[in-house]
Amino acid sequence: MAMLGQSSFRRILLSRILVLSIPILLLGVGVTFRKARTSLLYTARQNLAESAIRKADDIQASIQSLQTNLETASRTSILQAGQPEAIQTYLNQLSADLPTEIHCLQLIDWQTGNITATTCGNQPLLSKADLPWATQQSELNADSFYLSTLPSKPATPDAQAEPSNESTQSDQAELSTELDLLIGTPVYDQNGQLRYTLAAQSVLTQRESGKPGSLLGYTTIIDQDGVFLAHPLPSRVGQNIKDGTDADRFENIINNVQRGDDPDVRHIFSFVGDEEEWLAGYSPIQISISPTEDRTWTVLAVTRLDNALHGLEDIKRILVILTTGLLAAHLLAMLYMARDLALPIEQLGKYARHIHKRDPLQRAPKNFRIRELNHLAEVLDNMVRRLEERAKELEAAWQEAEAANQLKSEFLANTSHELRTPLNAIIGCIRLVRDDCCDSPEEEVEFLDRADEAAIHLLKIINDLLDIAKIEAGTLSLSIELIDLRQILQEVVDLQSMQIHEKGLRLSVPEMSEPILVRSDPAKLKQVLLNVIYNAIKFTDQGSITIDTRIETAVNSVQTSQFNGHRTVETPVNPEAWVIISVHDTGIGIDPTQQHKLFRPFVMVDGTTTRKFEGTGLGLAISRNLIELMGGSITLHSAGVGQGTTVEIALSIATIQPPAAAIAGSDTQEPASKTITEHPVVR
């Protein structure tokens, strides 16, 4: 009975979830579709308005260019001289050179009205009565012109008939707009008397694409009187907007243009005789048809609404597919949840009893219909997972301990080898002197010098071991002083110059004329520089060692460094400049994959006792810790094996400020140095 009731409750719960989720899903799809349509329509309106502005600018520029070229041509000496043959040749050349398409170019005698020269038929383009200067001859000037559009009369009733929907829709992709212009300008002879009229018939043609998705739009031009000057359908040219079905919408556009409103977009129906909805962006232009008269034309960029919303169909299909998929997935999820997912409680007990024998990938049974059992399964599973993770952590720690033990063993073997070598040299040299095996006092001194060098080398190894032990314990002390870097660097170079000379290497040292003041421990800084230059000499058999310094500026900051979890050290506040000490050698180089290991204690690229180069692997680790304790940094870079190595040490340049007590007139002085003592952190 209980199981039946629980199953019934589950089915009721799942059915209610399904009933609530499907309307929300459909509502979201509807809102998404609505938002997509609004965005596409807004984009189309913006593009059509901008297209209308561009079309208006292009038409105005073309007309002005044509007027300017004709006025310039009217002032040429060829036309003023009146030689028919020369004029005919000039008109033919001018017709080809004008920036717009020229159908006809004529030079008409002003007095007789006869054609003096023409590039087309014998019918004059303009008569004397058409020209504004026929009644204003006393006011003639060289800048007079006349502009008209063709046809100048309304189309015949037969031509006014709208094409059928079928032909209109099939030819929309091939629609084009032509604006026929008739321009005239007076030509004066060399005595300043009006002699000719230069007339030109030009056609501004714009072929537009009616393909879906195109937002360029078809070009339509309307005069301020409401007459179509250009239209994708030639039959509409010369008609008034009042003769069409969208007269009120076109009148609204003309009224907005007359009021000086900004370019905008309007919806138009039956633009080319069909029943489709169109979008029309419009923009006004001012056209001068004579020196004393301007006309306002309205330029429209028109496209079908379904072309503007072309991508909406794809979005609709995607939404339909997505909705269907989500509904199917939802139904499958419901069926999956509705089936019997509850496992008997004995399975959970069985899992607990055989947990030590289970497969490592096996997890506790879950997804019971009772929430408390699911929580219990999660707790049990989490407990088992934590135990497994702890076991893995212990195993990883054991492996790390094994690796550390191996590294320590390797270090002890290397260190014992490094210790035995100078000890054997010391013992051998002293015994030779003690047993009087030398042939001369000079040979005794030579053996004693060798013993002294071996003892110094042995002392260096022991000091490195003591330093790394103090660093690990956090008890290394530094005596910070204001020192001149030039002096420390010169002392280090003097100590290493003999060894460089013995190996036949070239040494390049910068000439530093100005002091470079830094706050550091002079002894420890010298130790770091000696380690770096000694490594450069040791790993370079031929070539050169270059030591260089440069000054770099840095953003003011406080740098905090933590070493091995023992202590935290802060660098000086607000460092403004840094000195970079660069030591570059042409030695054996280092594999880039091994470079990150070199600043670790006890680590060497070749850690075997049979390696070619001696050393304990502590030099760079000690150098890094000392430099960072002094507020600096050390980096190493090598392009690869056999390509040399570059080590750079960065220290902040000290800023000298007068003591505050001195400013106040006190005798108190700032101490010249200070000691920083690090103490281990209790863990």
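Cys104 is buried, with just 2% relative accessibility; buried here means under 20% relative accessible area, exposed over 50%, and partly exposed in between (1.4 Å probe, protein chains only). This is a predicted model, in which local features need pLDDT of at least 70 and side-chain atom pairs count only at pLDDT 80 or more, while totals for chains, interfaces and linings use all residues. Residues are numbered from 1 along each chain as its sequence is written, and side-chain values use heavy atoms, with hydrogens and water left out.

Back to the cysteines. Cys104 forms a disulfide with Cys120, and the two sulfur atoms sit 1.6 Å apart; the cut-off for calling a disulfide is a pair of cysteine sulfur atoms within 2.5 Å. The bond links distant parts of the chain, 16 residues apart: Cys104 belongs to strand E1 (residues 101-109), whereas Cys120 lies in the loop between strand E2 (115-118) and strand E3 (146-150). Helices (H or I, at least four residues) and strands (E, at least two) are DSSP runs, numbered from the N terminus. Unlike its buried partner, Cys120 is partly exposed, at 31% relative accessible area. Searching the whole structure turns up one disulfide.

What about Cys429 and Cys438? Cys429 is in no disulfide, and neither is Cys438. Here's how they look:

| Cysteine | Relative accessible area | Nearest cysteine sulfur |
|---|---|---|
| Cys429 | 8%, buried | Cys438, 8.9 Å |
| Cys438 | 10%, buried | Cys437, 6.9 Å |

Now for a bit of strand geometry. Strand E11 (residues 477-484) pairs with E13 in the antiparallel sense, over four bridges; pairing takes at least two DSSP bridges between two strands. Within that pair, Ile483 stands opposite Val518 of E13. Which way do the side chains of E13 (residues 517-520) point? They alternate: Val518 and Ser520 point to one face and are buried, while Leu517 and Arg519 point to the other and are not.

Zooming out, the protein chain has 15 helices and 20 strands. Its length is 683 residues, and 40% of them count as buried. Taking contacts (heavy atoms within 4.5 Å) with a separation of 6 or more, 70% come from residues 24 or more positions apart. The chain exposes about 38200 Å², with carbon and sulfur atoms supplying 54% of that; accessible areas come from the Shrake-Rupley method with a 1.4 Å probe, and for residues only the protein chains shown count as cover.
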